[in-house]
Every structure is written in structure tokens, then in C-alpha cells.
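Q: Hi, could you walk me through this structure while I look at it? I would like to begin with what a term means.

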Amino acid sequence: MIRYTLTRFALLLLGLLVASVLIFLTLRVLPGDVAQLIGGVNSSPDQIAAIRENLGLDRPLPVQYLEWLGGVLRGDLGTSLLTGTPVIDELAQKAQVTVPLGVMSLIVAIVISVPLGVLSAMRRGHADGTALSVGSQTLAAVPVVWAGMMLVVVFAVWLGWLPAQGFPRAGWSDPATAFQSLILPALTIGIVEGAMLLRFVRSATLQAVGQDFVRTAAAKGLTRDAALIRHGLPVVGLSVITVLGLQVAGIIVGAVVIEQLFSLPGIGRMLVADVAARDLPKVQGELLALTGFVLIVGFVVDLVHRLIDPRQREAA
């Protein structure tokens, strides 16, 4: 287990290094000149050159990358060119919206997908099981923006139960209002992601039904459903844990869109604004932080899966 953990950790570091190179090079090929943006349209070529020199943009790309990487290793993700604010400080502030949104979305996805996915598999061939299967496929194909708009129309416009947009200026010092403002966005992401996860849970449950240990338990007197619940669901749970790592990436992508739709001051909305403003150091730090988070979640999921699944430890 120690050897496996060290190997996975080395792969995690390698993945972060590759991601940092790709992020750095990709942002350098985007159109536009940061120095021109800062200097304005009336700046002379000499002024633009001075800005580039002051920002270090005139140095070779390898030198710029190594300086940025050195700062990252010291815990410095850079400083915004336009505001002069450390990127890590702004990420910490915006994470107070994005992290709770992601957690709430994941809870909604699990609550929807696990019981309904198991029920869909257990009721296979019946009308309700078929309806759940068709419904999950339909919801999984729904664009997250459209789903959000429909929820706003129903719960904010027609019923007036929840706010349609915005986040309280007081933040989490007003927890009730802050929580209410995240309910619709979390439902939007959670329903779409939950529909996709439901299909996987259904497939994993159907595979568990066909396992020898489930059939043996049924042969000893348990009903098929009881044998599945007692002996098959732990196997389904192992499969779900693996997929949850991928769901986290989907939730982050969804948050970028949903924060725009619901006017939430989170990391996703900040990232879109910074890309439009060509604030390269800030965008670099934000993308690296998000990529690192996804890779770390995958690393943790792999370790947890190996710890609770004795078959993997025996195969090592």
C-alpha cells in the first residue's frame, strides 16, 4: 500500500507539472497583448515596451515559466496584472461560494442517483423501472443552462420560493440567505450530474445482480432484492466511489456556467472575467488551482478505493 501510494503521488506531481506547462503555453497563444490592454489605445510603442519589460513579458518563455513555477512551489500563484491582488487571496475569497456550491451539487447528485439507480435496476422490465431509465437518459442530455432557466421559472418566478440570482454581500455571515441563494444553482448542477450518475449506478447494480455471491445468497433463502441489498450494494458502492472523482470534474465545469447564469461571485465567474481581461497570471493560477483540485480528488478516490476493496490489495 505504501508503494502504491508513493507511485500514485509521483503520478499526481507529474500530472500537475504537465498541466502547468500546458496552461502556460496555451495562454501565450491567445490573441491580444496584455501590455497594450494595460497601457490603453493611446500608449506609444515605447510605453508599451516599458510595460512589457516591467511585467517580465519580454523575457524568453522558458524563463517566464520557471519563474512562475518557482513561485507556485513557494505557494505563490502570482499577482493580478490589473488589480495587483495576490491570486491566492482572491481564490480563497471566491472559494467561499464555489466550494459550498460544489458540495451541495454533489450531495444532490448522490441523493438522486444512488437510490433511483438501484431502484431502476431492481425494477428492470417494469413500467416504473423503464420510466426511471428513460428519464435519466433524457435529463443527462439536458444542457445545464436550460435546466437552470427552467428551475428559475418554476421556483423563483412562478412559486417565488427561492431567489433567482445573486449572493448576499454579507456572505456567510448571513447563512440563511447565503444558503438559499445556492439552492437553485446546486439543484441545477446536481440534477444533471445525478442523471448521468444514475445510469452508471443502474449498470453497476445490474452487474451485481448477476454475481455468484448474490445468486448464492438468494439460493439460501433470501429474496433477490434482499440478497442484492445485503451483498450486492457494497460492490455497487465501490464502483460509485470511483465515478465520483469524474463527477467532481463535471461539477467544476458546470459551476463555471452556472455562476454566470445565477450571478454568483465564485471562481468560475471570476475565471471567465479574467480570460476576457487577458489577466494572464491570474488565469494561470486559477486554472492550475482547479486542475490540481481535480487531480487531488482523483488521487484520494484511488487510495480510498484501494483501502476498502480487498481484491485490489490481494492483486498487488
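A: Let us begin with the polar contact, which is a pair of N or O atoms within 3.5 Å, where within protein one atom must be able to donate a hydrogen and the other to accept it. Please keep in mind that this is a predicted model.

Q: Okay, so what does the side chain of serine 113 reach?
A: The side chain of serine 113 reaches the backbone oxygen of alanine 109, and the distance is 2.7 Å.

Q: And where is serine 113 placed, and is it buried or exposed?
A: Serine 113 sits in helix 5, which covers residues 87–122, and it counts as buried because its relative accessibility is 0%, while the limit for buried is under 20%.

Q: Which residues is serine 113 in contact with, leaving aside its neighbours in sequence?
A: If we set aside residues within four places in sequence, serine 113 is in contact with Val118, Gly194, Leu197, Leu198 and Val201.

Q: Let's zoom out. How many helices and strands does the protein chain have?
A: The secondary structure of the protein chain comes to 13 helices and zero strands, and of its 316 residues, 38% count as buried.

Q: What about contacts along the chain, how many join residues at least 24 apart?
A: Taking contacts between residues at least 6 apart in sequence, 71% join residues that are at least 24 apart.

Q: Does UniProt list anything here, and if so, which residues for "transmembrane region"?
A: An unreviewed UniProt entry lists residues 99–119, 139–162, 182–201, 233–258 and 287–304 under that name. In the model, the span 99–119 is 100% helix, with its end C-alpha atoms 30 Å apart, whereas the span 139–162 is 71% helix and 0% strand, with its end C-alpha atoms 22 Å apart.

Q: New topic: how many salt bridges are there in the whole structure?
A: A search of the whole structure finds five salt bridges. One of them has glutamate 90 and lysine 282 as partners, at 2.7 Å from N to O. This pair links distant parts of the chain, since glutamate 90 belongs to helix 5 and lysine 282 to helix 12 (residues 280–308), 192 residues apart.

Q: Which other side chain does lysine 282 meet in a salt bridge?
A: Lysine 282 also meets aspartate 274, at 3.5 Å from N to O, and through shared partners Glu90, Asp274 and Lys282 are joined into one network.

Q: Are those three buried or exposed?
A: Glutamate 90 counts as buried at 12% relative accessibility, lysine 282 counts as buried at 6%, and aspartate 274 counts as buried at 8%.

Q: And what does arginine 59 form a salt bridge with?
A: Its partner is glutamate 67, and the closest N and O atoms are 3.2 Å apart. Here arginine 59 counts as partly exposed because its relative accessibility is 36%, and glutamate 67, at 42%, counts as partly exposed too.

Q: Last one, which residues form the nonpolar patch on the surface?
A: The patch is formed by Leu11, Leu14, Leu17, Val18, Val21, Leu22, Leu25 and Leu61, which together have about 660 Å² of accessible area. Helix 1 (residues 2–28) gives the most to this patch, with seven residues. Leucine 25 lies in helix 1, and it counts as partly exposed because its relative accessibility is 43%.

Technical notes. Residues are numbered from 1 along each chain as its sequence is written. This is a predicted model: local features need pLDDT of at least 70, side-chain atom pairs count only at pLDDT 80 or more; totals for chains, interfaces and linings use all residues. Side-chain values use heavy atoms; hydrogens and water are left out. Helices (H or I, at least four residues) and strands (E, at least two) are DSSP runs, numbered from the N terminus. Buried means under 20% relative accessible area, exposed over 50%, partly exposed in between (1.4 Å probe, protein chains only). Contact means heavy atoms within 4.5 Å. Patches are made of residues with over 30% relative accessible area and no salt bridge: like charges are joined within 9 Å, nonpolar side chains (Val, Leu, Ile, Met, Phe, Trp, Tyr) within 5 Å. Accessible areas come from the Shrake-Rupley method with a 1.4 Å probe; for residues, only the protein chains shown count as cover. A salt bridge is a side-chain nitrogen of Lys or Arg within 4 Å of a carboxyl oxygen of Asp or Glu. UniProt positions are given in the numbering used here, feature names are shortened, and annotations may be inferred rather than shown by experiment.
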